[in-house]
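This report looks at how selected helices of one chain pack together and at the setting of a few individual residues. Please keep the sequence and the model in view while reading.

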Amino acid sequence: MNFIDVFFLALALSVDAFVVSFSYGLIIKKGKGKAALKLATATGLGQFIMPVLGWYGARSIYAHIEAIDHWIAFFVFLVLGIKIISEAFKGGDCQPQLSKILSLKLLFVIGVATSIDAFVSGSMLYFMQAPVWSASAMIGIITFINSALGFNFCRIFKRFPIKYLEVSSGLILICLGFKVLYEHLYLG
């Protein structure tokens, strides 16, 4: 997995953090800068830590699944991409109530909830022999930036359908899955 692949993976994984921060940017009126920094830190740390955990988890079972690792990577990226795209179209009028107070507990929950996909992607990084620390650092940094941007862009893009960002991130993950399969079957 090269730099460009990790960059696109990081962008796709950071969409959830962008959307959550965007939502909080709409409801938090006081201390916006501090709130944006808290959300960006929580999501960035989550997106940094979870791929590392996934990478080490995959490393512990790799000997048992080495012959089919490319198929596993393909299906995981495919399923994640389809999941993100289908959730983008679910929508609905029932929006959850967001707390205007960003407690440490809430920030932890947000950091974990927005990075579950990063855990799975971390295992794929192992199968693709990507360096976990630099890839995770890139994912965390890009998520931090996108989360901060999401919080602050809410004023500009109030009417922009987030659905387009979610569909784009799903398509990126699906393309990465096909790329892994192609490289293993035809170039490997």
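In which hand, left-handed or right-handed, does α3 pass α6? The model is predicted, and in it the crossing of α3 past α6 is right-handed.

## The α3 and α6 pair

The axes of α3 and α6 come within 6 Å and cross at roughly 45°, and the two helices are therefore oblique to each other. On the α3 side the residues that meet α6 include Gln47, Met50, Pro51, Leu53, Gly54 and Trp55, with Ala58, Arg59, Tyr62 and Ile65 further along the helix. Their counterparts in α6 are Ile116, Ala118, Phe119, Gly122, Ser123, Leu125, Tyr126 and Phe127.

Alanine 42 also lies in helix α3, and at 13% relative accessibility it counts as buried, because the cut-off for buried is under 20%. Leaving aside neighbours within four places in sequence, alanine 42 is in contact with Leu107 and Gly111. The C-alpha atom of alanine 42 is separated by 9.7 Å from that of threonine 143, although the two residues are 101 residues apart along the chain.

## The α2 and α7 pair

Threonine 143 appears again among the residues of α7 that meet α2. These two helices pack at an angle of about 30°, with their axes 7 Å apart, and are therefore roughly parallel to each other, since angles under 35 degrees count as such. The crossing of α2 and α7 is right-handed.

From α2, the residues involved are Ala17, Phe18, Ser21, Phe22, Tyr24 and Gly25, and they meet Thr143, Asn146, Ser147, Leu149, Gly150, Phe151 and Phe153 in α7.

## The buried side of α1

Where do the buried residues of α1 sit around its axis? The residues concerned are Asp5, Val6, Leu9, Ala10, Ala12 and Leu13. They cover an arc of only 160° around the axis, which puts them on the same side of α1. An α-helix has 3.6 residues a turn, so residues three or four places apart point the same way. The buried residues of α1 pack against α2 (15–27), α3 (32–65), α4 (69–90), α6 (116–127), α7 (132–153) and α8 (162–187).

One of these residues, aspartate 5, lies in helix α1, which spans residues 3–13, and is buried with a relative accessible area of 9%. Apart from neighbours within four places in sequence, aspartate 5 is in contact with Leu176 and Lys179. At the start of α1, a side-chain oxygen of asparagine 2 reaches to within 3.1 Å of the backbone nitrogen of isoleucine 4.

## Histidine 70 and glutamine 129

Is histidine 70 buried or exposed? This residue, found in helix α4, is buried, with a relative accessible area of 7%. When neighbours within four places in sequence are left aside, histidine 70 is in contact with Val180, Leu181, His184 and Leu185.

Glutamine 129, by contrast, counts as exposed at 67% relative accessibility, and is found in the loop between α6 and α7. The backbone of glutamine 129 has a positive phi of about 55°, although this residue is not a glycine.

Key
Residues numbered from 1 in each chain as written. Predicted model: local features only at pLDDT ≥ 70, side-chain atom pairs only at ≥ 80, totals over all residues. Heavy atoms only, no water. Helix = DSSP H or I, 4+ residues; strand = E, 2+ residues; numbered from the N terminus. Buried < 20%, exposed > 50% of the residue type's maximum accessible area, 1.4 Å probe, protein only. Contact = heavy atoms within 4.5 Å. Arc of directions from axis to C-beta. Polar contact = N/O pair within 3.5 Å; in protein donor to acceptor, adjacent residues only side chain to side chain. Axes fitted to C-alpha atoms, helices over the stretch in contact; angles between N-to-C directions. Parallel < 35°, antiparallel > 145°, perpendicular 65-115°, else oblique. Left-handed = near helix turned anticlockwise from the far one by under 90°.
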